[in-house]
Amino acid sequence: MLKNGTAAPDFTLTDDRGSSRSLYEIRQGKPLALLFFRGAFCPTALRDLVDYADVYSRMKGTGAELAGISAESPASGAQLIERLRLPFSLLSDEGLEVSRQYGVYESEDGEGPQPHGEPALFILDVDGRIAYSQVMTGPKGIANPSEATLILHYMSQNGGRY
């Protein structure tokens, strides 16, 4: 598992619009919350996405950005954006390469399409270092979005660092 304070692994993934996006492009020198989720088949993941959408404007107000990552296709991400009215991008990690780099657990429960990752949250600071991380070993959901927003608020008061 990646330790807080270490540089976040760089990546380039395809977003819900079919565009390749690097970590650097997504961050744009701002704090970034990366929300790894199981996929559209998982009710808990859908709840988490909606909960994060509800606080997205507060997160943006701290100067931060948010992006979701799953093993589903860009087309599936686009459907989720429309269906759930998500205001943030969803990135496709179909081979779970980025998930593995971040230490996200691969599901072994046989539920949903295989393979898929379990929930995780990483908050990166303005320097691209991991300021906060939570990696789950099952489908129990991820950190409360209000807690994540509080971390981002603290960071906004401290030059984008934790």
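## A tour by way of helix 2

Select helix 2 and go to V55: the helix bends there by about 50 degrees. Keep in mind as you look around that this is a predicted model.

Now show the whole of helix 2, residues 43-61. Its 19 residues reach 28 Å from the first C-alpha to the last, close to the 27 Å expected at 1.5 Å a residue. So there are two things to look at in one element: the end-to-end reach just given, and the bend at V55.

Next, colour the buried side chains of helix 2. Pick A45, L46, D48, L49, Y52, A53, V55, Y56 and M59. The bend residue, V55, is itself on that list.

What do these buried residues pack against? Bring up the strands among their partners: strand 3 (32-36), strand 4 (65-70), strand 5 (89-92) and strand 6 (120-124). Then add the helices, which are helix 3 (74-84) and helix 5 (145-156).

Before leaving helix 2, step past its end to G63. This glycine follows the helix and has a positive phi, near 90 degrees.

From there, hop over to strand 5, one of the elements packed against by the buried residues of helix 2. Select S89, which lies in this strand. Is S89 buried or exposed? Its relative accessibility is 17%, so it counts as buried, the cut-off being under 20%.

Show the side chain of R21 as well. A polar contact of 3.3 Å joins it to the side chain of S89. To fill in the surroundings, add D16, L66, A67, G68 and I81: together with R21, these are the residues S89 is in contact with once its neighbours within four places in sequence are left aside.

Time to zoom out and show the full chain. You should find five helices and seven strands. Trace them from the N terminus and the order is β-β-α-β-α-β-α-β-α-β-β-α. The radius of gyration is 14 Å, close to the 15 Å the globule rule gives for 162 residues, so the protein is as compact as a globular protein of that length. Along the principal axes, the C-alpha atoms fill a box of roughly 40 × 30 × 30 Å.

Finish with two overall views. Colour by burial, and 54% of the 162 residues come up as buried. Switch on the surface, and you are looking at about 7,500 Å² of accessible area, with 47% of it belonging to carbon and sulfur atoms. If you draw contacts too, take those with a separation of 6 or more: residues 24 or more positions apart account for 62% of them.

Terms used:
Residues are numbered from 1 along each chain as its sequence is written. This is a predicted model: local features need pLDDT of at least 70, side-chain atom pairs count only at pLDDT 80 or more; totals for chains, interfaces and linings use all residues. Side-chain values use heavy atoms; hydrogens and water are left out. Helices (H or I, at least four residues) and strands (E, at least two) are DSSP runs, numbered from the N terminus. The expected span of a helix is 1.5 Å times one less than its number of residues. The bend at a residue is the angle between axes fitted to the seven residues ending there and the seven starting there. Buried means under 20% relative accessible area, exposed over 50%, partly exposed in between (1.4 Å probe, protein chains only). Contact means heavy atoms within 4.5 Å. The radius of gyration is taken over C-alpha atoms; the globule rule is 2.2 Å times the number of residues to the power 0.38. Accessible areas come from the Shrake-Rupley method with a 1.4 Å probe; for residues, only the protein chains shown count as cover. A polar contact is a pair of N or O atoms within 3.5 Å; within protein, one must be able to donate a hydrogen and the other to accept it, and residues adjacent in sequence count only if both atoms are side-chain atoms.
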